[in-house]
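Thanks for sharing this one. Here are a few notes on two of the helices, set out point by point for when you open the coordinates.

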2 protein chains.
Amino acid sequence: MNSYTNPQVLVSQAKDQPISVTPKDLPLELIETLRQEFGEAFSVALAIREQHGQDESSFIAPPPQAVVFATSTKEVQRVVELAAQYCTPVIAFGVGSSLEGHLLAVRGGISLDVSRMKEVLAINTEDLTVTVQAGLTRKELNEALKHTGFFFPIDPGADATIGGMSATRASGTNAVRYGTMRENVLALEVVTAQGKIIRTGTRAKKSSAGYDLTRLFVGSEGTLGVITEITLKIHPQPESIMAAICSFDTIAQAVNSTIEIIQMGIPIARVELIDVNSVRMVNQYAKLSLKEDPLLLMEFHGSPLSVQEQISAVQAITQDHQGCEFEWAKTPEERNKLWGARHHAYFAALQSHPGTRAISTDTCVPISRLADCLLDSIQEADESGLPYFLVGHVGDGNFHFGYLIDPKNDMERSKAEMLNTKLVQRALSMNGTCSGEHGIGLHKMDFLVSEIGEDAVDLMRHIKSALDPLNIMNPGKIFTDKDL
Amino acid sequence: MNSYTNPQVLVSQAKDQPISVTPKDLPLELIETLRQEFGEAFSVALAIREQHGQDESSFIAPPPQAVVFATSTKEVQRVVELAAQYCTPVIAFGVGSSLEGHLLAVRGGISLDVSRMKEVLAINTEDLTVTVQAGLTRKELNEALKHTGFFFPIDPGADATIGGMSATRASGTNAVRYGTMRENVLALEVVTAQGKIIRTGTRAKKSSAGYDLTRLFVGSEGTLGVITEITLKIHPQPESIMAAICSFDTIAQAVNSTIEIIQMGIPIARVELIDVNSVRMVNQYAKLSLKEDPLLLMEFHGSPLSVQEQISAVQAITQDHQGCEFEWAKTPEERNKLWGARHHAYFAALQSHPGTRAISTDTCVPISRLADCLLDSIQEADESGLPYFLVGHVGDGNFHFGYLIDPKNDMERSKAEMLNTKLVQRALSMNGTCSGEHGIGLHKMDFLVSEIGEDAVDLMRHIKSALDPLNIMNPGKIFTDKDL
């Protein structure tokens with residue numbers, strides 16, 4: 001099968017807007033200008049282009065026509081100016097860890113790699129803020145904060161860049177207590193589609209000064225501009241941290257415990273569900289010996305007293321739901337190993353079935369509907385016969401199935417897509433969302449319409465065409481083109 | 001002086017876009033249609049129009065040409081449809097408590113009063129959410145929640161409507177712990193300028209599904225559409241609540257205590273600064289006998305143990321800064337009296353100088369700059385000779401001077417405006433914002449440009465004209481018109 005005509009990419013586009021699967025060549029003049037101005041930081045080598053033409057999704061599309069590695073906002077600005085001049089798409093690229101096809105060059109164009117923009121521009125512990133360039137990763141940021149007594153909590157599975165995490169409104173395991181990128185980005189520097197450099201906010205903790213441009217760009221998936229700098233909230237490292245594992249006979253018991261923990265308002269820092277499949281995969285991958293049952297992986301932050309209080313309250317709840325005794329990860333090393341294992345669930349799953357790719361789901365529902373939504377979806381997954389894993393930021397009502405498929409096997413792919421469709425429909429019927437944290441990308445454009453309706457999506461289109469009239473910023477993502 | 005040609009209103013408009021101070025009459029056909037369809041809920045009576053032609057700002061402008069009292073989203077939709085048909089401005093109106101001239105009909109048009117839309121549509125305590133109509137006030141909401149064990153924390157001074165609070169991105173005394181409307185609005189129902197009814201989100205706690213339309217409308221001051229329903233987060237009523245007053249010899253000591261409390265990450269629920277002027281005014285207004293010194297009014301929420309822990313930590317800090325012993329408001333009645341007094345500071349000030357209006361400032365700075373910003377501004381206010389009061393949500397770095405002026409005295413007005421200008425410039429130079437919670441309205445359009453630059457304001461204009469091409473939604477607010 002020609003990897004450039006994978007039907008899934010076509011399928012996920014609206015019928016009225018088939019993508020160009022063979023991007024036309026870039027104008028020679030543009031190539032020459034980029035080569036002259038960027039030298040070795042510009043490349044049309046196939047290997048480099050292919051590396052920038054995929055993400056962690058299972059989609060396959062033509063690679064971008066060129067790659068530029070920017071090292072400054074000015075360079076980003078220059079690339080965008082040239083792209084506008086030649087009406088060429090620009091796709092901002094961090095580490096390539098997005099999951100819904102955000103980075104695929106479905107209309108060709110330039111991949112603008114910002115991963116060399118790694119500067120920590122300011123650490124203002126006295127104000128609990130930090131300002132960084134877009135290419136710094138979350139782990140690099142926490143490394144830079146290590147000796148300050150503060151940390152940055154948002155932790156999607158991958159070691160994503162702060163720019164990419166902002167662009168997809170990422171979250172992760174700490175969101176239940178610390179919020180997502182939506183709550184933790186204070187301000188952005190953005191290069192607009194017109195090549196202007198703007199700053200969307202200040203370092204003040206709150207503001208009512210005009211439209212919330214910060215939150216408009218957070219989650220805009222590169223379709224409105226290129227994020228170059230980010231001012232973030234940071235948080236004091238808790239005086240005491242305790243991590244515990246609680247195993248259950250059934251997933252229902254684990255989920256119902258979580259629902260009660262949240263409804264009681266216990267300020268738990270992390271509460272992650274791992275199903276028995278994932279426990280097995282993680283045990284094998286990370287050489288752990290977790291009890292092979294559904295489990296909750298929890299973490300408690302606060303003063304020693306407050307942590308003890310939280311633990312007692314949670315223990316009472318899990319005991320009510322026939323949870324086992326807590327097992328403790330006491331030292332920072334033990335904790336890191338445990339959370340590392342959780343973050344590696346995705347790779348553990350892939351390794352457990354060599355040659356497969358995972359189709360990841362990402363629904364999020366109001367917490368009271370979590371058990372209903374999950375249990376019906378587990379039954380469907382079991383009946384499908386596909387291998388799968390299930391992990392979830394269940395404190396937020398957000399969970400991920402990963403259906404493991406052979407990407408070349410169309411039947412497996414459609415089976416997985418069918419499961420995802422049913423799951424999303426179920427979540428929407430429960431007033432949930434089709435994406436808790438991964439974004440829409442290429443994959444969920446139809447679901448977005450089901451979720452908020454054509455009129456609201458049209459409103460997004462109007463914003464897009466007002467801010468990017470040439471449609472050069474990561475075109476073909478979030479929604480299909482349409483005459484308005 | 002003709003109240004319709006108050007120079008302040010003109011002054012606050014850009015030079016290139018003078019406002020029409022004598023609005024032309026509404027088309028007769030439109031008046032007839034509104035009268036037929038809305039009957040007694042439609043009015044052109046001068047008294048009703050004048051009541052809808054002002055807010056708590058000190059500006060004076062012509063009243064709207066008509067008022068419609070809507071009782072449903074469908075009725076809001078119908079008014080917007082007619083307004084679009086006749087190219088007539090629509091200004092959504094709640095209780096008229098905004099402070100920056102948001103509600104003034106500077107281009108004429110229809111005041112669309114939603115205060116009769118008061119239904120509590122759903123209380124989902126199991127999900128910690130509630131859905132209400134836009135005209136419900138915050139106190140009415142908390143009354144509806146009283147016996148559920150949950151509450152809604154956002155409390156601007158006035159008993160504003162939830163719709164109005166959403167439109168201005170309001171906050172208040174609890175924001176330091178619970179966030180502002182930005183963090184507490186989950187989803188909105190909005191009637192767009194095209195008369196479409198859209199829903200901007202779901203009841204899921206987090207989402208990465210497309211552009212953040214919810215946060216675009218939160219803080220848009222009625223310029224992009226009319227908010228008709230709001231889904232909010234609610235919070236468990238704390239097991240224990242303790243409120244304390246701590247007096248200081250100097251404001252600097254109070255402010256520096258606050259800075260340390262925040263930098264330590266103590267999860268204090270409220271920490272309000274009241275200067276000695278306000279203490280005097282409040283004592284008189286609310287028949288209290290607070291010690292007439294600068295003071296911090298604090299509240300601690302949590303389990304009894306955690307509250308005790310917070311109090312001990314805060315006491316250690318205030319003692320370091322020569323704070324007095326805490327005085328306690330122990331019973332709910334005592335607490336309500338105290339917070340009522342805080343919320344009445346504004347009216348207490350006006351009453352202390354009959355016939356005056358307050359020019360309120362609203363800057364917010366990174367917490368480490370709070371003392372510098374405040375102390376310089378106090379010196380300037382003292383030197384001006386104007387009576388003033390000073391209150392502040394200092395835990396957020398946000399504070400308000402209220403300069404008391406005779407609204408007919410141009411010299412006093414310009415003196416107050418000069419103080420405000422200096423204050424805003426100071427806050428901006430410290431990477432703060434010109435508005436922490438009141439919004440831009442008519443009053444701060446120039447400051448907004450100083451804060452984020454003409455290019456970012458142009459971006460807002462592009463969004464506005466994309467979503468409201470006829471410029472009928474509360475025109476002339478946030479930014480001046482300009483050909484883009």
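1. Helix α4(B) is followed by Cys87(B), whose phi is positive, near 55°. Please keep in mind while looking at such details that this is a predicted model.

2. The length of α4(B) checks out. Its 13 residues, 73-85 of chain B, should span 18 Å at 1.5 Å a residue, and the end C-alpha atoms are 18 Å apart, which agrees.

3. Which residues of α4(B) are buried? They are Glu75(B), Val76(B), Val79(B), Val80(B), Leu82(B) and Ala83(B). Viewed down the axis of α4(B), these fall within an arc of 160°, so they line one face of the helix. The general pattern is handy here: an α-helix has 3.6 residues a turn, so residues three or four places apart point the same way.

4. The cover over that buried set comes from chain B elements including α2 (28-38), β2 (66-69), β3 (90-93), β4 (110-113), β8 (185-192) and β10 (225-233).

5. Now to α12(B), residues 304-320. For its 17 residues, 1.5 Å a residue gives an expected span of 24 Å; the end C-alpha atoms are 25 Å apart, which agrees.

6. Buried in α12(B) are Ser306(B), Glu309(B), Gln310(B), Val314(B), Ile317(B) and Thr318(B). They cover an arc of only 165° around the axis, which puts them on the same side of α12(B). The face turned away from that buried side carries the exposed residues Pro304(B), Ser312(B) and Ala316(B).

7. What covers the buried residues of α12(B)? The cover includes α12 (304-320) of chain A, together with β12 (240-247), α10 (251-263) and β14 (295-302) of chain B. Just after α12(B), Gln322(B) has a positive phi of about 60°.

Methods: Residues are numbered from 1 along each chain as its sequence is written. Chains are lettered from A and ligands numbered from 1 in the order in which they are written. This is a predicted model: local features need pLDDT of at least 70, side-chain atom pairs count only at pLDDT 80 or more; totals for chains, interfaces and linings use all residues. Helices (H or I, at least four residues) and strands (E, at least two) are DSSP runs, numbered from the N terminus. The expected span of a helix is 1.5 Å times one less than its number of residues. A residue is buried if 20 or more other C-beta atoms lie within 10 Å of its own, exposed if 12 or fewer, and partly exposed in between; C-beta atoms are placed from the backbone. The arc is that of the directions from the helix axis to the C-beta atoms. Two residues are in contact if their C-beta atoms, placed from the backbone, lie within 7 Å.
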